[in-house]
Amino acid sequence: MPNGRATDARGRTFLSRRSPLVTVMANAAYKAARGLVRDFGEVEQLQVSRKGPADFVSSSDLKAEETLVEELHRARPNFGFLLEEGGTVKGTDSSNRWIIDPLDGTTNFLHGVPHFAISIGLERDGKMFAGVVYDPLRDEIFTAETGNGAYLNAKRLRVSARAQMSDALIATGMPFKGRASHPEYPAMIEAVTDSAAGIRRFGSAALDLCYVAAGRYDGFWEFSLSPWDIAAGLIILREAGAMVSGIEGDDCMMESGDILATNGRLHEDLRHLLAEAAKTSRN
Ligand code: IPD
Ligand code: CA
Ligand code: CA
């Protein structure tokens, strides 16, 4: 791993701890982001049109995915893919697989709300190995590779040190139309509202996870996510010292899509709070 100063594809100098692998991922994200940012400008105009921006957004999403696939395939031709839009593409290298969400925060994007990201995870031998989440409007890139720490641009990331639920800012994703129903969710919101300093629902699970890694949020939970929502975030969280589990404390986040991520100190408290709320809502 080279150390010292380096320049990324945008001509920006950073303290180089980015390996060649993470550099490939970051450059693919930068390239795909150019189209998304251009299209986001259009979407803001389309809000008032009768037809609305829905078709335009889904083609923007697809274009971003195509760019990511092209760039990553060029750099690592044997790796497979799990794509939100394109599904599974088998590679000749069965150990390595990219897991990609080209646009996380679609509902925000569609409504002209400036909060969305590109998420690229690399799974190696069934475990998350590296991740990049890029928020192009803030020009914030979250990166991590196993054993090398997590970064926001050139800055090393650590989770927050908050140990009291009463000081904690907790994020969540609310169930919405078309998703599995979670009747216990309102009781969970009520319990966290009563105990924490605040709750946020910003609408990009990939960024929610990175915000826990960055110490902005102290905890996050959501049900029924997909592997591409969480793949990159999982490794960024782990490398930033976060604790991650299923909502019941299990280790099946990629399979179930249910995730609880915290700064570690608040993990048991938040898990317990959610479990108690779920229990009461069933009685
Ligand atoms: C969605 C976002 C959102 C979460 C949803 C995801 P998309 O991803 O991450 O925050 O609540 O569950 O599906 O559809 O914008 O890629
Ligand atoms: Ca997503
Ligand atoms: Ca998406």
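**Salt bridges, calcium coordination and strand pairing in the predicted chain**

Glu 276 is partly exposed, its relative accessible area being 35%. This value, like those that follow, was computed from a predicted model. The side chain of Glu 276 meets that of Lys 279 in a salt bridge, with a distance of 3.2 Å from N to O, and Lys 279 also counts as partly exposed, at 45% relative accessibility. Both residues belong to helix α8 (residues 267-282), and because they are three residues apart in that helix, about one helical turn separates them.

The salt bridge in helix α8 was considered alongside the others in the model. A search of the whole structure finds nine salt bridges. One of them joins Asp 39 to Lys 63, again with 3.2 Å from N to O. Here the two partners belong to separate helices, for Asp 39 lies in helix α1 (residues 20-46) and Lys 63 in helix α2 (residues 54-75), so the pair ties together parts that are 24 residues apart in sequence. The surroundings of the two partners can also be described by their accessibility: Asp 39 is buried, with a relative accessible area of 7%, whereas Lys 63 is partly exposed, with a value of 41%.

A pairing of a buried with a partly exposed residue is likewise found for Asp 135 and Arg 138. The closest N and O atoms of this salt bridge are 2.7 Å apart. Asp 135 is buried, its relative accessible area being 0%, which means that it falls under the 20% limit for buried residues, while Arg 138 is partly exposed at 39% relative accessibility. Beyond such pairs, salt bridges also link Lys 31, Glu 71 and Arg 74 in a network.

The chain as a whole was examined next. Its secondary structure comes to eight helices and 15 strands. The radius of gyration is 19 Å, close to the 19 Å that the globule rule gives for 283 residues, and the chain is therefore as compact as a globular protein of that length. Along the principal axes, the C-alpha trace spans about 55 × 50 × 35 Å. Of the 283 residues, 51% count as buried, and the accessible surface comes to about 12900 Å², of which 50% belongs to carbon and sulfur atoms. When contacts with a separation of 6 or more are considered, 60% of them are accounted for by residues 24 or more positions apart.

Attention then turned to the calcium ion (ligand 3), which is coordinated by Glu 84 (OE), by Asp 101 (OD), which is listed twice, and by Leu 103 (O), at 2.2 to 3.2 Å. In sequence, the donor residues of this ion follow the spacing E-x16-D-x1-L. Glu 84 lies in the loop between β3 (79-83) and β4 (87-89), and Leu 103 in strand β5 (residues 93-104), so the pair ties together parts that are 19 residues apart in sequence. Glu 84 is partly exposed, with a relative accessible area of 30%, whereas Leu 103 is buried, with a value of 1%. Asp 101 bridges this calcium ion (ligand 3) and the calcium ion (ligand 2), and the two ions lie 3.8 Å apart.

Asp 101 also appears among the residues that Ser 119 touches. Ser 119 has its place in strand β6 (residues 117-124) and is buried, with a relative accessible area of 1%. Leaving aside residues up to four places away in sequence, Ser 119 touches Ile 99, Ile 100, Asp 101, Val 132, Val 133, Ala 206, Trp 228 and Ala 232.

Finally, strand β13 (residues 219-222) illustrates how side chains are arranged along a strand. In a regular strand the side chains alternate between the two faces of the sheet. In β13, Gly 219 and Trp 221 point one way and Phe 220 and Glu 222 the other way, and all are buried. Strand β13 is paired with strand β11 (residues 169-172) through three bridges, and these two strands run parallel; in this pairing Thr 172 stands opposite Trp 221. Strand β13 is also joined to strand β15 (residues 259-262), in this case by four bridges and with the strands running antiparallel; here Glu 222 stands opposite Ile 259.

Note on methods: Residues numbered from 1 in each chain as written. Chains lettered and ligands numbered in written order. Predicted model: local features only at pLDDT ≥ 70, side-chain atom pairs only at ≥ 80, totals over all residues. Heavy atoms only, no water. Buried < 20%, exposed > 50% of the residue type's maximum accessible area, 1.4 Å probe, protein only. Pairing = 2+ DSSP bridges. Donors = N, O, S within 2.8 Å, 3.2 Å for Na, K, Ca; no water. Rg over C-alpha atoms; globule rule 2.2 N^0.38 Å. Contact = heavy atoms within 4.5 Å. Areas by Shrake-Rupley, 256 points an atom, 1.4 Å probe, with all protein chains shown as cover. Salt bridge = Lys/Arg side-chain N within 4 Å of Asp/Glu carboxyl O.
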